[in-house]
Protein chains: 2
Amino acid sequence: MGQPLDQKTADLLGRPNFATVSTLRKDGTVQGVVVWVDADADGNLVLNTAEGRAWRRNVARDPRITVTVPNAENPYEFVSVTGRVVHEDHESADAHIDAMAKKYLGQDTYPFRQEGEVRVKLTVEPDRVTHFTGG
Amino acid sequence: MGQPLDQKTADLLGRPNFATVSTLRKDGTVQGVVVWVDADADGNLVLNTAEGRAWRRNVARDPRITVTVPNAENPYEFVSVTGRVVHEDHESADAHIDAMAKKYLGQDTYPFRQEGEVRVKLTVEPDRVTHFTGG
């Protein structure tokens, strides 16, 4: 159970800003990928991916993750969250990706779903939250 | 000496797109920061920071770095480069940050320079380059 996100961070994550998700490969290098991101009421970040993707396999092996989100309207402002994947959920993952499609695309249903794809919702509990306001 | 970047990656880096730079903290977690980025003619990425910054200290200890750059006009397209900082240069760093100010701000001189700041130019040789075109 974390503490709620500060208001500026919650605002940034509430808008359709894209996140760079950084995970650790087996060889210790960092993998980077750009994805949608959400926050929950408990101050966690929520991500959604498909089984089999490289970064999803990375966090299955090592739950440490860093999520960096620039404000698309002013990239000199960004938030970076370092934490751990503390919960994985398949059951609610399809409804959640539809909700993210609403947020990012204004569509009721996620339009990029692929045949046979198994979605997974990942909850990230923050250990450090840094908010930069640039310059 | 690497090989030249592919054309689509070079185009993405040639435009004023912002990079998320991921480096490794002493404790093994990833630090994320959003910065300007450039490429050189030898297929390397070029970054510019100030002495004392956390991520600069990280790469001084462990040169492994991942640079992820979404296309600001279409964030479903992005490139992610994993490599190593192979060269550090103070001498050309001030001229280089001015050149980046031209690219990103259309200004001849970097306007965010701080009193006493020592700039350093970091050259990153790619080991892996991945270009995603999204969906």
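In this predicted model, helix H3 (residues 93-105) of chain B lies across S3, S4, S6 and S7 of chain B, and runs at about 50° to S7(B). The strands that H3(B) crosses belong to an open sheet of 7 strands in chain B, with antiparallel pairing. Chain B superposes on chain A by a rotation of 180° with 0.0 Å of shift along the axis, at an RMSD of 0.0 Å. The two copies are thus related as by a two-fold rotation axis. The same surface serves both copies, since 100% of the contact residues of chain B recur in chain A.

**The sheet and helices of chain B**

- The strand order in the sheet of chain B is S2-S1-S5-S6-S7-S4-S3.
- Strand S2 (30-35) and strand S3 (38-39) of chain B stand at the edges with a single partner strand each, so one side of each has no neighbour in the sheet.
- Strand S1 (residues 19-24) of chain B runs antiparallel to S2(B), and 6 bridges join the two.
- Within this part of the sheet, B:Thr20 has B:Val34 in S2(B) as its bridge partner.
- Helix H2 (residues 54-61) of chain B lies across S1, S2, strand S4 (45-50), strand S5 (64-71), strand S6 (74-89) and strand S7 (119-132) of chain B.
- The direction of H2(B) is at about 50° to S1(B).
- S4, S6 and S7 of chain B are crossed by H2(B) and also by H3(B).

**One residue in chain B: Glu88**

- B:Glu88 is found in strand S6 of chain B.
- Is B:Glu88 buried or exposed? B:Glu88 counts as partly exposed, because it has 14 C-beta neighbours inside 10 Å, while a buried residue would need 20 or more and an exposed one would have 12 or fewer.
- Leaving out residues up to four places away in sequence, B:Glu88 touches B:Val120 and B:Leu122.
- B:Glu88 and B:Val46 are 42 residues apart in sequence, and their C-alpha atoms are 9.9 Å apart in space.

**Where the two chains touch**

- The contact takes 19 residues from chain B and 19 residues from chain A.
- On the side of chain B that touches chain A, S1, S2, S5 and S6 of chain B each supply at least two residues.
- The largest share of that side comes from S2(B), with 5 residues.
- S2(B), which gives this share, is also an edge strand of its sheet.
- Sorted by class, the side of chain B that touches chain A has 8 nonpolar, 10 polar and 1 charged residues.

**Overall build of chain A**

- Chain A has 3 helices and 7 strands.
- Along the sequence, these elements of chain A follow the pattern α-β-β-β-β-α-β-β-α-β.
- The radius of gyration of chain A is 14 Å, close to the 14 Å that the globule rule gives for 135 residues, so chain A is as compact as a globular protein of that length.
- Taken along the principal axes, the box filled by the C-alpha atoms of chain A is roughly 45 × 40 × 25 Å.
- Of the 135 residues in chain A, 38% are buried.
- Among contacts in chain A between residues at least 6 apart in sequence, 69% join residues at least 24 apart.

**The sheet of chain A, strand by strand**

- Chain A has an open sheet of 7 strands in the order S2-S1-S5-S6-S7-S4-S3, with antiparallel pairing.
- Its edge strands are strand S2 (30-35) and strand S3 (38-39) of chain A, and each pairs on one side only.
- Strand S1 (residues 19-24) of chain A pairs with S2(A) in the antiparallel sense over 6 bridges.
- The bridge partner of A:Thr23 in S2(A) is A:Gln31.
- Helix H2 (residues 54-61) of chain A packs on the sheet and touches S1, S2, S4, strand S5 (64-71), S6 and S7 of chain A.
- The direction of H2(A) makes about 50° with that of S1(A).
- Strand S6 (residues 74-89) of chain A and S7(A) pair in the antiparallel sense over 11 bridges.
- Opposite A:Phe78 stands A:Phe132 in S7(A).
- Strand S4 (residues 45-50) of chain A also pairs with strand S7 (residues 119-132) of chain A in the antiparallel sense, over 6 bridges.
- Opposite A:Thr49 stands A:Val120 in S7(A).

How values were computed: Residues numbered from 1 in each chain as written. Chains lettered and ligands numbered in written order. Predicted model: local features only at pLDDT ≥ 70, side-chain atom pairs only at ≥ 80, totals over all residues. Pairing = 2+ DSSP bridges. Helix = DSSP H or I, 4+ residues; strand = E, 2+ residues; numbered from the N terminus. Contact = placed C-beta atoms within 7 Å. Axes fitted to C-alpha atoms, helices over the stretch in contact; angles between N-to-C directions. Least-squares fit on C-alpha atoms with pLDDT ≥ 70 in both. Nonpolar A, V, L, I, M, F, W, Y, C, P; charged D, E, K, R; others polar. Rg over C-alpha atoms; globule rule 2.2 N^0.38 Å.
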